[in-house]
Amino acid sequence: SECSHRIAAHAGQGSMATAKRLVVVGGSGYVGSHIMRAALARGASVASVSRRGKPVASVSPPLDRAEWISADVQDSAALQNAMKGADAVISCLGAFGSNEFMRRVNGEQNEKIISAAAAGGVERFVYISAAPFGPIEKLIPGYFEGKRAAEAAVSKHFGDRGTVIQPGMVYGTRHVSKHVSIPLGIIGWPMSIFFQSSPVRGLANTLGRWGLLLVPPSSVEEVASTAVAAALGTNAENGGNSGAGGSQNAGQSGSAVALGWERIKQIAHSVEMSSVPAVTLFWDGGCPLCRREIGFYQRLDTKKRVNWVDIHESPSALEPHGVTVDKAMSLIHAVDNQGNLQVGVPAFLAVWEQLPYWNILPPILRRLPFAIPAIDAAYGFWARRRLQLTGRVHALGGSSPCRK
């Protein structure tokens, strides 16, 4: 849609020009940390504001260029100080509990954040809310009443410079502690595909409010990408849509733009297609088995998230990373989305994280005791013998260990 492409286009063009500073309230949490990562990838200067400040290193991968501010949202002075110089603010604040508690956190505390941002002259505000869930809202009224109160505050203080993101279930790998993580993608991804199917969408449209229960889940990466795109580029002419994915308030001056599951997916896809590859994989295109395997991955990489470098055609491609041709031929190498060189199985994990279907495996493997060492040992056994098994040793010649 025009809305999707405009938001994505603004985000893809020099984001530092549109938002020199982006503040994420709750940036140390599940959704917030992904937003921080997405914003840094866009070149923004990013600060997280939360009660605990910096996240536990073992729970969240390091975000070296991020600023971590410890502040209580109840402290208006501390909140306004944290937002000084911010061009955009994204609030991920939300909680479950008693109805009174949820109204206070999801509603009142977010209203204070929104008011402080407006008072501080912040240009744009993005609020991570929730899709309408029909009958479910009567079971936990405090949660949704708080969310809707915060949405109204965004419209009141920011009008069409505000964006309300309304996903259904947000799936991904949720790190609970150092040793415990919940791979919600195992459930969320199949649900998303099924709920997006034409028969289910048709059924949802005929069920009225009950059909709202069939809102397709969104990945945490999609929500994060959309939030950053909105913070860096949303404007009044973008219009909006309801939590069910249809138009709600397009063209209504003074109303925040509302993005439901369909627009979330569209905008995230547009942003991804306009982004540079997140990972670079260096592979041997002269190996028949390697060509078959990499060809399979390349067909899955429809979003061009991986830069596939054939070291058979470009043998010196890894030299800037201090890797000789012999080492490159002996084990597969990749530069991950943090700019770090990965070798062997970690290189494959960096690629799998960028591919549909496969992206649920890395977090699972990293949490299973001995899984990666065992796979790495098996891969090492194969890698040391692949040239002989594929007949490449004679074609390559030489006397390096990998060619014997």
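## Starting with one glycine

Is G172 buried or exposed? In this predicted model, G172 is buried, because its relative accessible area is 10% and anything under 20% counts as buried. You'll find G172 in the loop between strand 7 and strand 8 (173-175).

So what surrounds this residue? Leaving aside neighbours within four places in sequence, G172 is in contact with Y30, I182, P183, L184, G185 and V220. There's another glycine to look for here too: G188 sits 16 residues from G172 along the chain, and their C-alpha atoms are 7.7 Å apart.

## The whole chain

Now zoom out. The protein chain has 404 residues, and 50% of them count as buried. You can trace 17 helices and 15 strands along the chain.

A lot of the contacts reach across the sequence: take those between residues at least 6 apart, and 67% of them join residues at least 24 apart. On the outside, the chain exposes about 18400 Å², with carbon and sulfur atoms supplying 57% of that area.

## Two nonpolar cores

In soluble globular proteins, nonpolar side chains tend to be buried together. Here, the largest nonpolar core has 37 residues, and the members that touch the most others are V31, I35, I90, I128 and I165. Several elements give two or more residues to this core, including strand 1 (21-25), helix 3 (30-41), strand 4 (88-91), strand 5 (124-128) and helix 11 (261-274). Helix 10 gives the largest share, with nine residues.

To get a feel for this core, pick out I90. Not counting residues up to four places away in sequence, I90 touches L22, V23, V24, V25, I35, V126, I128, A227, V228 and A231. There's also a second, separate core, made up of 28 residues, with V25, F125, A153 and V164 among them.

## Where two helices cross

Another spot to visit is the meeting of helix 8 (residues 185-196) and helix 9 (residues 198-206). Their axes come within 5 Å and cross at roughly 70°, which means helix 8 is roughly perpendicular to helix 9.

Which residues make the contact? Helix 8 brings F194, F195 and Q196, while helix 9 brings S198, V200 and R201. By type, the residues of this contact split into three nonpolar, two polar and one charged.

Terms used
Residues are numbered from 1 along each chain as its sequence is written. This is a predicted model: local features need pLDDT of at least 70, side-chain atom pairs count only at pLDDT 80 or more; totals for chains, interfaces and linings use all residues. Side-chain values use heavy atoms; hydrogens and water are left out. Axes are lines fitted to C-alpha atoms, for helices over the stretch in contact, and angles run from 0 to 180 degrees between N-to-C directions. Helices (H or I, at least four residues) and strands (E, at least two) are DSSP runs, numbered from the N terminus. Angles under 35 degrees count as roughly parallel, over 145 as roughly antiparallel, 65 to 115 as roughly perpendicular and the rest as oblique. Contact means heavy atoms within 4.5 Å. Ala, Val, Leu, Ile, Met, Phe, Trp, Tyr, Cys and Pro count as nonpolar, Asp, Glu, Lys and Arg as charged, and the others, Gly among them, as polar. A nonpolar core is a set of buried Ala, Val, Leu, Ile, Met, Phe, Trp, Tyr and Cys residues joined through side-chain atoms within 4.5 Å. Buried means under 20% relative accessible area, exposed over 50%, partly exposed in between (1.4 Å probe, protein chains only). Accessible areas come from the Shrake-Rupley method with a 1.4 Å probe; for residues, only the protein chains shown count as cover.
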